[in-house]
There are 2 protein chains.
Amino acid sequence: MRKLLFIILLITVNVFSQNEDEKQLKKIYDASLTKGQSYEWLKYLSNQIGGRLSGSLNAEKAVKYTKKQLDSLGLDRVWLQPVMVPKWVRGTAEFAYIETAPGVTTNVPICALGGSVATPSGGLKANVIEVKSLDELAAIGPEKIEGKIVFFNRPMQADLINTFQAYGGCVDQRSSGAREAAKFGAAGVIVRSMNLRLDDFPHTGGTNYGDLQLDQRIPAAAISTNGAELLSSLLTLNPDLQFYFKQTCRQFDDVLSYNVIGEIKGSEFPDEVLVVGGHLDSWDLGDGSHDDGAGCVQSMEVLRLIKETGYQPKRTIRVVLFMNEENGLRGGRKYAAEAKAKGERHVFALESDSGGFTPRGFSFDCSDENFARIEGWKSLFEPYLIHLFEQGGSGADIGPLKDDQIVLAGLRPDSQRYFDYHHAENDTFDAINKRELELGAATMASLIYLVDKYGTLK
Amino acid sequence: MRKLLFIILLITVNVFSQNEDEKQLKKIYDASLTKGQSYEWLKYLSNQIGGRLSGSLNAEKAVKYTKKQLDSLGLDRVWLQPVMVPKWVRGTAEFAYIETAPGVTTNVPICALGGSVATPSGGLKANVIEVKSLDELAAIGPEKIEGKIVFFNRPMQADLINTFQAYGGCVDQRSSGAREAAKFGAAGVIVRSMNLRLDDFPHTGGTNYGDLQLDQRIPAAAISTNGAELLSSLLTLNPDLQFYFKQTCRQFDDVLSYNVIGEIKGSEFPDEVLVVGGHLDSWDLGDGSHDDGAGCVQSMEVLRLIKETGYQPKRTIRVVLFMNEENGLRGGRKYAAEAKAKGERHVFALESDSGGFTPRGFSFDCSDENFARIEGWKSLFEPYLIHLFEQGGSGADIGPLKDDQIVLAGLRPDSQRYFDYHHAENDTFDAINKRELELGAATMASLIYLVDKYGTLK
């Protein structure tokens, strides 16, 4: 009888708790959708500040603006964490054309890849060799590559449902193409934009010369997908055509910047830290609305929603707006190093860096035991059409926090439109849908609430 | 032992069948995403033809174009089904302003509701009474309404996750507002646009006078959400302000139009018909890309994908592009009536009429037994991030086919952006994402394949 009573009590407590959680999630979603702040913050960040490349004036403006907004939320503490970041500057607008016969030219849209060196001041003109992969480049060998512009033209794979997988299968051309082509004596590199659409926007992104000496580095640019299709078809007609491009980008010395951090102190376990964040820097072509202004304002909104809904966290909840994800990851590394140095115990970190689209769920990088526990909350999210709880990667900025205890998580929004805008001129505020952004913020806040309430397993 | 062998055989067959289904779905999605036709068809329908209001020249062009495209697919039969449709014409662009003091005016964007009568030729100017519902209107009563313009201003509910639910909770203002206000002697009606965003686009849509005589009908228009907010706030400052609007819309006699139909004859059960469709007519303000050009080209693509992937259907699969969903449903009614008259046995019908956005699943209107059977296929869709199988409504055009045996289904795409465009000037081709459209077509084709293969329960 006593056992039965105990069981009844346990069931009652569980049902009560489930109901309480349902109610709290409803409060969070309602508050985000009816009196959310994320969209207004992003409007300012995108339209009043704009692209926020590390080391730029705009990046510093963004630090000041977001700090000021966090200051207004009544958090327990808001501060700036200094971090030295690389400063790469695009210079004047790039210019490129295909020359099919002397004087017969067609302009094509290109942009320098982040970190690239400039062309000679008069530009670079050379024959072109098209390849589909780094392996193909290696197989061709130096004699056919020497002095030429290597054109990497492997498209993103359209039949993959998750477009990040298609990106992952292609991005080596951009990140390593220049380094590898330089080893074979190429004069420059042109990379097909990481974009599933055919359009006229070149998409920038980091290229990495590795340990190549400065004088061995060759200029690298992205060409729009339409430009890549044109160049490829003209090459089949005339393999001897020439490609011309000019860019004046330049790397300066590192400069001081900041991660922007705010926290609500935990009432029961203040030493257990939960991080939610995005990266405040962006590329310079658009205004970085999806990558990753969205993730920043959603993360700020998580703390605002916690306060707005009157929830008192047991653990310390910290928003971190990381600086320099795009071309260095210095902010993420600095944050993790300082956390380690101070002996802070991070139990959970969630990043939003996949665009401000309708949220579909999360990906978790953690032990099977922790994943099983978290998966138990899945049904709470179903009324909000959140179905995807999977094990996998999380986010670049929180990666350096990884150890064998922490649970790392990444928000997984619908990925179909992301690479239409990623790192391109059209990643702008008009491509943001208010409700999609707000649903993402509420989904993140809901997960943070549950992790705070129930904790993680050690 | 024999029983064991039988069970092993059964399991083997099931596993084989499951594998075969997985492969067929993969083929369908691959074909849609890598060599799909839906986007090109929609580009033509939207950009070369445009808005396709019933009875318009564009609607007739769309009939010819889609028939020609179906003719090119090598189907077993393609035909036009004649149907008489209403012909309502908007006339010259509407014009409206708020007059806060004599001569002090602010223009606001409006559009006539479909089916509305015109204002007097010099326009209509009157005081305004704002209400939030038909109930509130009834409670106010005739003496305060007589001679005034009734302004229906209940916004769509932002905290509902499914935006169609928010639409359902508001649209009575548009569909019945004019009829009810006329009964109380109102001079005209202005309805807040069915739109969750604040912007400057008025959204049209049908209004229904019921059995009101022609001389009792009052002009009705939609105002943009920004315009509605402005009008409401000005009314609080000055309840005696006047509203002016002018519209020259007109109803003509019914005209002849067509449903466009194509079919692949079933190899085993040709008398069991599966329908897949959307509606070919649209409102006249935009080009009807999402509503419902998307559903039409997706439905056409279903038949193309079946042929492209080499699948030979057992049952008869028919694409139907219905005419006149928006202001009459004549096409849907005609199709069902003729099917009944001919004694055709329809076992399944699927409509896509919720926009060309990322598909999330389906809603089924059928017996519990049939739903349970269909739910058994859910895991096959998970690799494509299709998680939503629910019981509920299907689509307006296929509704008239309903009986106690048929399974009716509606594609359920992500609904967050739909009402940004619905019935407005910005429902145009640039709001379509190619991959989202193609994923929808593949999801529909996959369901049709499974229903064809396994049949439905009687």
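How are H8(B) and H13(B) oriented to each other? Before I come to that, please keep in mind that this is a predicted model, in which local features need pLDDT of at least 70 and side-chain atom pairs count only at pLDDT 80 or more, while totals for chains, interfaces and linings use all residues. Residues are numbered from 1 along each chain as its sequence is written, with chains lettered from A and ligands numbered from 1 in the order in which they are written.

Now to the helices, which are DSSP runs of H or I with at least four residues, numbered from the N terminus. Helix H8 (residues 289–308) of chain B packs with helix H13 (residues 434–454) of chain B at an angle of about 55°, and their axes are 8 Å apart; such axes are lines fitted to C-alpha atoms, for helices over the stretch in contact, and angles run from 0 to 180 degrees between N-to-C directions. H8(B) and H13(B) are therefore oblique to each other, given that angles under 35 degrees count as roughly parallel, over 145 as roughly antiparallel, 65 to 115 as roughly perpendicular and the rest as oblique.

Let me turn to the two chains. A turn of 180° with a shift of 0.0 Å along the axis lays chain B on chain A with an RMSD of 0.0 Å, superposed by least squares on the C-alpha atoms of residues with pLDDT of at least 70 in both. That is the relation of a two-fold axis, and in chain B the C-alpha nearest this axis belongs to B:His387, 3.4 Å from it. The same surface serves both copies, since 96% of the contact residues of chain B recur in chain A, contact meaning that C-beta atoms, placed from the backbone, lie within 7 Å.

Notes:
Two residues are in contact if their C-beta atoms, placed from the backbone, lie within 7 Å. Helices (H or I, at least four residues) and strands (E, at least two) are DSSP runs, numbered from the N terminus.
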